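Got the viewer open? Let's take a walk through this one together, one selection at a time.

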Amino acid sequence: MTESHASGAFGVYLHWPFCLSKCPYCDFNSHVRRAPIDEARFLRALTAEIATPAELVPGRTVSTVFFGGGTPSLMQPATVGAVLDALAKHWSVAPDVEVTLEANPTSVEATRFRGYRSAGVNRVSLGVQALDDRVLGELGRLHSADEALAAVAIARSVFERFSFDLIYARPRQTPQEWASELKRAIAEGGEHLSLYQLTIEPETPFFALHAAGKLAVPDEDNARALYDTTQEICAAHGLPAYEISNHARPGSECRHNLVYWRTHEYAGIGPGAHGRLNIAGERHATATEKRPEAWLTRVEADGHGLVTDDILTREEMADEFLLMGLRLAEGIDPQRFTALSGRSLDPDRSAVLREHGLIETTADGHLRVSLPGFPVLDAVVADLAA
Ligand SMILES: C[S@@+](CC[C@H](N)C(=O)[O-])C[C@H]1O[C@@H](n2cnc3c(N)ncnc32)[C@H](O)[C@@H]1O
Ligand code: SF4
């Protein structure tokens, strides 16, 4: 008997796949179109597609919604409102539902933000990326640091909850420079910050530049020093990491992202959206067509853009549980791992990782990756999952 996932939070992810320009480091499903986007047509498709997971998992109460991208702040507030109305027609919505929208500083105006708030959004996540104009230029961003901070000020004035993203471990960045940038960010920020180490993703312009020796990223020691600086400064300012790249004042964590990391249930709507649905005691991994226009025509023809609907094996569920849960500072409940996989974590492997100070057990019996273990998280997970 596999463990039931029926309890816990239920989230809905909606993907808006368009951006004003493509940043050279980004491999998200985001596209630039010369012609204007037919937003009404996309809205019809998004609302139509909601019916499919709603039929597969009826009776859920939506606890979180996340408009991600791409750049969802290019959507009209009325479009966002219509999508939220459509969700409420199919499922109940929790009175304290968290509704987050990702916003790019280039598309932020106070009126627009107030429109999102009236539509039901109650949290925004802004892509600030850096507080230095030269670096923003290198990252291919269309906004200056002042424009990003102006967007943060608008977010603060309109929403009770907001977060922003910064990318660190950038070319030539020293821990001293990063420390002062991060302190400025914390002073400007709210209760939540996402701090991502720059990743050189295949098939991006940064990948080609890096391969050609024209873009140097910090070596392992420097990256480690930048990571340590991040942890020290954030913890000292009351924003400890609750996940490897996410920092919050306790109680202000992004509840939607916790749905993923705690391997709860979520529906994915829109091009290239992933879902995990618990149907008749089995866990389904779903994914929709990635290409926006191909997704649109599929939804118009079939009512949904699903291209993948796989039932996960116990081993796959257990691996995902480790992969997701060990990103969290709260760690995982080893008993839940046993219930999912039908086996215990290998005591010998755990003992070695523990001796090296890479994992530890919390007071409530959870197993978690220690602070020194986080920079080598992938290796720790691979070892435990083996
Ligand atoms: C999908 S983007 C959406 C936000 C919005 N489009 C923007 O850029 O302002 C989410 C975040 O992922 C991060 N990100 C994207 N590519 C990255 C990379 N290669 N390395 C590190 N962080 C990355 C950025 O911080 C970005 O804000
Ligand atoms: S980082 Fe954001 S704005 Fe840039 S291409 Fe990716 S999704 Fe679009």
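Start with the empty space inside this predicted model: the largest cavity holds about 90 Å³. To find it, select Thr52, Pro53, Gly268, Thr286 and Leu306, which are the closest to the cavity's centre among the 15 residues that line it. Now colour helix H1 (39-56) and strands E9 (265-269), E10 (274-279) and E11 (282-288), since each of these gives the lining at least two residues. What classes of residue make up the lining of the largest cavity? You'll count 7 nonpolar, 7 polar and 1 charged.

Next stop: the nonpolar core. In soluble globular proteins, nonpolar side chains tend to be buried together. The largest core here has 87 residues. Select Val65, Phe67, Trp91, Phe113, Leu126, Phe164 and Leu322, the ones with the most contacts inside that core. Then zoom in on Trp91. Skipping its neighbours within four places in sequence, Trp91 touches residues including Phe10, Val12, Ile50, Pro53 and Ala267. You've met Pro53 already, at the cavity. There is also a second, separate core of 13 residues; to spot it, pick Ala130, Val135, Leu136 and Leu139, which are among its members.

Last, show the cysteines. How many disulfides does the structure hold? The count is 0. Select Cys234 and Cys254 to see why Cys234 has no partner: the closest cysteine sulfur to its own is in Cys254, 16 Å away, which is too far for a bond. Cys234 is also buried, at 0% relative accessible area. Finish at Cys23, which is buried too, with a value of 10%.

How values were computed
Residues are numbered from 1 along each chain as its sequence is written. Chains are lettered from A and ligands numbered from 1 in the order in which they are written. This is a predicted model: local features need pLDDT of at least 70, side-chain atom pairs count only at pLDDT 80 or more; totals for chains, interfaces and linings use all residues. Side-chain values use heavy atoms; hydrogens and water are left out. On a 1 Å grid over the protein atoms alone, a cavity is a set of points where a 1.4 Å probe fits but cannot get out, and a pocket is an open set with protein on both sides within 12 Å along at least five of seven lines; lining residues have an atom within 4 Å of a point. Grid points are joined across faces, edges and corners, and a volume is the space filled by probe spheres set on the points. Helices (H or I, at least four residues) and strands (E, at least two) are DSSP runs, numbered from the N terminus. Ala, Val, Leu, Ile, Met, Phe, Trp, Tyr, Cys and Pro count as nonpolar, Asp, Glu, Lys and Arg as charged, and the others, Gly among them, as polar. A nonpolar core is a set of buried Ala, Val, Leu, Ile, Met, Phe, Trp, Tyr and Cys residues joined through side-chain atoms within 4.5 Å. Buried means under 20% relative accessible area, exposed over 50%, partly exposed in between (1.4 Å probe, protein chains only). Contact means heavy atoms within 4.5 Å. A disulfide is a pair of cysteine sulfur atoms within 2.5 Å.
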